[in-house]
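Me: I am new to this structure, and I would like a careful, close look at the ligand site. Please lead up to it through the backbone and side-chain details that a newcomer should learn to read.

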Amino acid sequence: MQTKAFAAQSATTPLALTTIDRREPGAADVAIEILYCGVCHSDLHTARGEWGGVRFPSVPGHEIVGRVTRVGSDVSKFKAGDIVGVGCMVDSCRTCASCNEGLEQYCRGPHGFQGTYNGWVDGSGENTYGGYSAAVVVDQGFVLKISHAEADLAAVAPLLCAGITTWSPLRHWNAGPGKKVGVVGIGGLGHMGVKLARALGAHVVAFTTSASKVQAALDLGAHEVVISRNADEMAAHVNSFDFILNTVAVSHDLDAFTNLLKRDGTMTLVGAPSSPHPSPSVMGLIFGRKSIAGSLIGGIAETQEMLDFCAKHGITSDIEMIAMQDIENAYERMLKSDVKYRFVIDMATL
Ligand code: NAP
Ligand code: ZN
Ligand code: ZN
């Protein structure tokens, strides 16, 4: 099926209109008309080749909300007209230990999980194309049910990556009542981290480099906000956090935050900068039995759990809607931390 899409033809050319081929839906497939697609910093890292290993043309976008147009003969969970979501994965091996535990993002099959975009398998000649497009065809096992109101759908799209990427570590490290939780970087991921940690019952402290975001972070649900460039404000929180979720997309000094963990505390990195962080102080970790960890998106079952939790608690993303043609401008603004808090593409503009 010929499908309109916006693609980068190389790491140095701006995204532009093109046509891609989508497969005819097979027996287990769901064909989806894309209504909205969020703009993740990972889209920018990929389109500009910052992580390497990109196959061009590249069609980014893994925060997809759309309407089902057709389903294959084996599909029972979805029917034409349903509103559904697709996140960062469209397939995995389904047989390894991680897949069996519902943690498809850590698939240890021969190719790992298949990304919604740039999910090419070496030697196969095939690539996957993401949500900056009119339609997508996805196996039913990787399609999510959306139960939010129609009016909220654009603001639901970022839950499919920013939401689950913060939900999964918050749950894994037991953010909840009685826990002091920090969220570093109040961008697309971070603002969802604040909302979700608050909804889970934790005491939430937002760390930002942007003085202009202080009031906004409180409005998102933070109990306290710290300007991370202010040493005095940072010092007031030394040895006090159970858990810190770090979403910053650039290399930076991790000690500034591990110093704020209490004994046995963990800082989990979800930001994936293209250049490494300076080595953290090992002594700082040793003398407090502290951990630095990482976390990758979330499994399909926990993504559904997060979507259902958000629908129940009235949680969506704070978004700025853009036309597809404004994507390069949106990327530039994202690089300046100038987005409150997620761009979402209205796919009708494609
Ligand atoms: P984003 O919207 O650009 O947010 C990043 C935030 O980091 C900015 O808004 C800013 O917040 C802060 N920041 C920017 N420059 C900084 C600097 N020089 N020093 C300190 N803080 C700075 O990006 P995003 O979409 O949330 O993605 C964040 C990162 O997570 C990206 O690297 C992305 O690829 C990665 N990611 C990882 C996963 C995963 O599974 N682990 C999933 C999705 C995305 P303030 O203005 O508040 O300082
Ligand atoms: Zn993402
Ligand atoms: Zn697997």
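Reply: Helices and strands are DSSP runs (H or I over at least four residues for a helix, E over at least two for a strand), and they are numbered from the N terminus. With that rule, E302 can be placed in helix α10, which covers residues 300-313. The model is predicted, and for that reason local features are given only where pLDDT is at least 70 and side-chain atom pairs only at pLDDT 80 or more, while totals for chains, interfaces and linings use all residues. Residues are numbered from 1 along each chain as written, chains are lettered from A and ligands numbered from 1 in written order, and side-chain values use heavy atoms, without hydrogens and water.

To stay with E302 for a moment, this residue counts as buried because its relative accessible area is 16% (buried is under 20%, exposed over 50%, partly exposed in between, with a 1.4 Å probe and protein chains only). What separates E302 from R171 in space, and what separates them along the chain? The C-alpha atoms of the two residues are 9.5 Å apart, although their positions lie 131 residues apart in the numbering of the chain.

S240 is a second buried residue, with a relative accessible area of 18%, and its place is in the loop that runs between α7 (231-235) and β13 (241-246). The side chain of S240 takes part in a polar contact with the side chain of K180, at 2.8 Å (a polar contact is a pair of N or O atoms within 3.5 Å; within protein, one must be able to donate a hydrogen and the other to accept it, and sequence neighbours count only through side-chain atoms on both sides). A polar atom of the S240 side chain also lies 2.6 Å from the backbone oxygen of H237, and thus S240 is a residue whose side chain can be followed both to another side chain and to the backbone.

Next come the backbone angles. Most residues other than glycine have a negative phi, and most peptide bonds are trans. Against that background, D264, which is not a glycine, has a positive phi of about 70°. D264 belongs to strand β14, residues 261-269, and it counts as partly exposed because its relative accessibility is 33%. S337, likewise not a glycine, has a positive phi of about 60°, but its setting is the loop between α11 and β17; with a relative accessible area of 36%, S337 is partly exposed too.

The loop that holds S337 is also the place of Y341, between α11 (327-335) and β17 (342-346). The peptide bond that leads from K340 into Y341 is cis, and its omega is near -10°. Another cis peptide bond joins F56 to P57, with omega near 0°, and P57 sits in the loop between α1 and β4 (64-71).

Helix α1 leads directly to the ligand site. Which residues come closest to ligand 1? They are H41, T208, T209, S210 and R342, out of 29 residues that surround the ligand, where a residue is counted if one of its heavy atoms lies within 4 Å. Both α1 (41-47) and α5 (188-199) supply at least two residues of this shell, and α1 gives the largest share, namely three residues. Sorted by class, the shell around ligand 1 holds 13 nonpolar, 14 polar and two charged residues (Ala, Val, Leu, Ile, Met, Phe, Trp, Tyr, Cys and Pro are nonpolar, Asp, Glu, Lys and Arg charged, and the others, Gly among them, polar).

Among the residues closest to the ligand, T208 brings an N or O atom of its side chain to 2.5 Å from an oxygen atom of ligand 1, and T209 does so at 2.6 Å, again from its side chain to an oxygen atom of the ligand. With V270 the backbone takes part: a backbone N or O atom of this residue lies 3.0 Å from a nitrogen atom of ligand 1. On its own, ligand 1 has 930 Å² of accessible area, and the protein covers 90% of it (by the Shrake-Rupley method with a 1.4 Å probe).
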